[in-house]
Amino acid sequence: MGFCGLGESIGYQQLNMANDHVDQRAVKDFLYELLQRQITPSGREWLDQKLKQVGGDFTERDFYLAFGMVPRRIGKGPLEVPSAEREKAEALLGGFAPQFWTIEQTGRTILLLQIAQQGVGRFFEVVDKLFSTAEVGELVALYGSLALWPQPETQHGRATEGVRTNMTVVFDAIALNNPYPYSYLSEEAWNQLVLKAVFMGRPLYRIYGLDARANSRLAQMLSDFAHERWAAGRWVIPELWRPIGPFLNETYLQDVAKLFDDPDPMQQEAGALACSQANLPRARELLDSKPEIKSRIESGALSWEDLGERLWASRKG
Amino acid sequence: MSENEIMLIDPHIHLVSRTTDDYEAMKKAGVVAVIEPAFWQGQPRTEVGTFKDYFNQLVGWERFRASQFGIRHYCTIGLNPKEANNEPLAEQVMELLPRFLAKEGVVAVGEIGYDDQTKAEERYFSQQIELAKEVGIPIMIHTPHRDKKAGTIRSMDLCKDHGMDPNWVVVDHNNEETVKDVLDRGYWAAFSIYPHTKMGNERMVEIVKQYGDDRIIVDSSADWGISDPLAVPKTAALMLDRGLSEETVRKVCYRNALEAYSKSGQMAEQDWLAGVTIDQRQTFHKSTVLRGQEPRVEESASNVIQ
């Protein structure tokens, strides 16, 4: 593979051992079931034929062509995933969320999972070459499905490399609604992912496991970033304070206190949410200064999740 | 003319060499879609890996970069005639091509054709015509700068020998000397409005007046040389000024290119008419080319850089 991630020794995958046992066949069947509701009979016929072809004695050329042709054969657009199916996805693998996928991404993932059953050696041989000439949509399918592959723990170097992309759609495929980084990235790579998401203006609430993998080094990096932005007179995304919350100390509290004076209600909410995560007298004082926000936090009406959703819904418009 | 009223396509432009200012200006001038043909890079490459990365850039980063300015980006993939003369390298590039030709947004094999009109050029030109037939996409032909007329005729003869339907072939970089043969033989005739060397746009107006608007395509071929990424919008405006109809301008600066390259099945008007709503995740909060700035909404007269 040629990837020797810096975080090799950290072995973060131990956190989520269950991910090592994804049933590729079950996932493939599940995705196929979802997909076939949305594609035309001729698209389905083509897919069936290709699945049969690459499920047998296929050449690499057959596979690359099929993988490339997916959108023109089965179509494009968002994949529709009813809520009952979302639960099934979650049961197959925590964090697996195909409701954020596209039709073509799903078709390509089904093809990948089909050859995954042909032996790991062959699978990675094909996948290595795929990566080296993949276009944007193909990269999305590859990175988006890393956690569903056999031996996903071997791919952390690849994911770390992928995070360095500047193509938003490719970055999103790795960073957002994807359980892979949470389960397998080293702390250094994880922190880079979160920081880069902030830098690129991506919605943090869609990063799977954001709270679970908060760490003091990340809190420091995010706080430094906020200071840089403030120094330049620029806006700071309120979600930035989410991974800082659990590590609030006197220094970070000075930052958070500023949010309470910000005219933007979402900045105030972010400050209050961060304070609610800490058990410090000054944090309680700050929180008490905004009784209305405090009561919404206590009742569960205001959460980081809810703040993120509202924030990104407003920025979309 | 109010430039935004007519949608324009620049079906030949090397955007890897252009700046974001160019993209902004093109968008503002009404360019909705571009085709970036694979060509040489100003100096010969020495390794097949640099071809691979270049092709990757055309189907990857450059496409994304264009999308950030609201422009749909397509490309053509091929071994250009200049570099076909390095045969050991050319062989390796030929092996690479099938992996790219069936990719999304690849609308033709190109630019292929003749440069010095050598045997090596002809061999790889022939092989690539066959590849285009196999994959079922059109061909974009680069006609030579030197001995152009003979090279153009020879290119069409070679296509004929391979049984290539002229309607699937765009012959580019035409001028007053080549246009008649190309049109008479049923090919698409493209013109590169490229200052000093290829065509000026006043001459272009005269050609359209003389030959009509069927199968004529205007492009910029803007690249790393002194060239103009607004050549298509400027020519469209000049045509209207000089009395050509809006319908004619629409054909030569938009519809003809669309018709020729959409035969690939990889380019459709719907791609830009539906615009960014096709997949909001792709363009949601444009950020990476903008590196954290807010998108520039309009030109500012201020010297302040925020």
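# Helices, a sheet and their confidence

In this predicted model, helices H11(A) and H12(A) are roughly parallel to each other. The reason lies in the angle of their crossing: the axes of H11(A), residues 187-200, and H12(A), residues 216-231, cross at roughly 25° and come within 10 Å, and because angles under 35 degrees count as roughly parallel, the pair falls into that class. The crossing of H11(A) and H12(A) is right-handed. On the side of H11(A), the contact is formed by Glu187(A), Asn191(A), Val194(A), Leu195(A) and Val198(A), while H12(A) contributes Arg217(A), Leu218(A), Met221(A), Leu222(A) and Phe225(A). Sorted by class, the residues of this contact comprise 7 nonpolar, 1 polar and 2 charged.

Chain B offers a second pair of helices to set beside this one. Here the axes of helix H2(B), residues 48-59, and helix H5(B), residues 87-96, come within 9 Å and cross at roughly 35°, and H2(B) passes H5(B) in a crossing that is right-handed. The residues that meet are Val48(B), Phe51(B) and Lys52(B) from H2(B), together with Leu89(B), Gln92(B), Val93(B) and Leu96(B) from H5(B). This contact of H2(B) with H5(B) holds 5 nonpolar residues, 1 polar and 1 charged.

Chain B also contains an open sheet of 8 strands, arranged in the order E1-E2-E3-E4-E5-E6-E7-E8 with parallel pairing. Its edges are strand E1(B), residues 8-10, and strand E8(B), residues 216-219, each of which pairs on one side only. From one strand of the sheet to its neighbour there is, on average and with direction ignored, a turn of 25°. At one end of this order, strand E7(B), residues 188-192, runs parallel to E8(B) and is joined to it by 4 bridges; Ala189(B), for instance, has Ile216(B) in E8(B) as its bridge partner. Helix H8(B), residues 148-161, packs on the sheet and touches strands E4(B) (106-113), E5(B) (139-142) and E6(B) (169-172), and the direction of H8(B) makes about 170° with that of E6(B).

Two details of the backbone deserve a separate look. In chain B, the peptide bond that leads from Gly110(B) to Glu111(B) is cis, with an omega near -15°, and Glu111(B) has its place in strand E4(B), one of the strands touched by H8(B). In chain A, Gln151(A) has a phi near 45°, which is a positive value in a residue other than glycine; Gln151(A) lies in the loop between helix H7(A), residues 136-144, and helix H8(A), residues 156-162.

How far the predictor trusts these parts can be read from its own scores. Chain A averages a pLDDT of 92, with 93% of its residues scoring at least 70, and in chain A the confidence is lowest in helix H3(A), residues 60-74, at a mean of 90, and highest in helix H10(A), residues 180-184, at 98. Even so, pLDDT stays under 50 over residues 1-11 of chain A and again over residues 13-19 of chain A. Chain B averages a pLDDT of 90, and 89% of its residues score at least 70. In chain B the stretches where pLDDT stays under 50 include residues 276-288, for which the model has 20 contacts beyond four places in sequence, and residues 290-300, for which it has 4 such contacts. For the complex, the predictor gives an ipTM of 0.78 and a pTM of 0.86.

Conventions:
Residues numbered from 1 in each chain as written. Chains lettered and ligands numbered in written order. Predicted model: local features only at pLDDT ≥ 70, side-chain atom pairs only at ≥ 80, totals over all residues. pLDDT = per-residue confidence, 0-100. Contact = placed C-beta atoms within 7 Å. Axes fitted to C-alpha atoms, helices over the stretch in contact; angles between N-to-C directions. Helix = DSSP H or I, 4+ residues; strand = E, 2+ residues; numbered from the N terminus. Parallel < 35°, antiparallel > 145°, perpendicular 65-115°, else oblique. Left-handed = near helix turned anticlockwise from the far one by under 90°. Nonpolar A, V, L, I, M, F, W, Y, C, P; charged D, E, K, R; others polar. Pairing = 2+ DSSP bridges.
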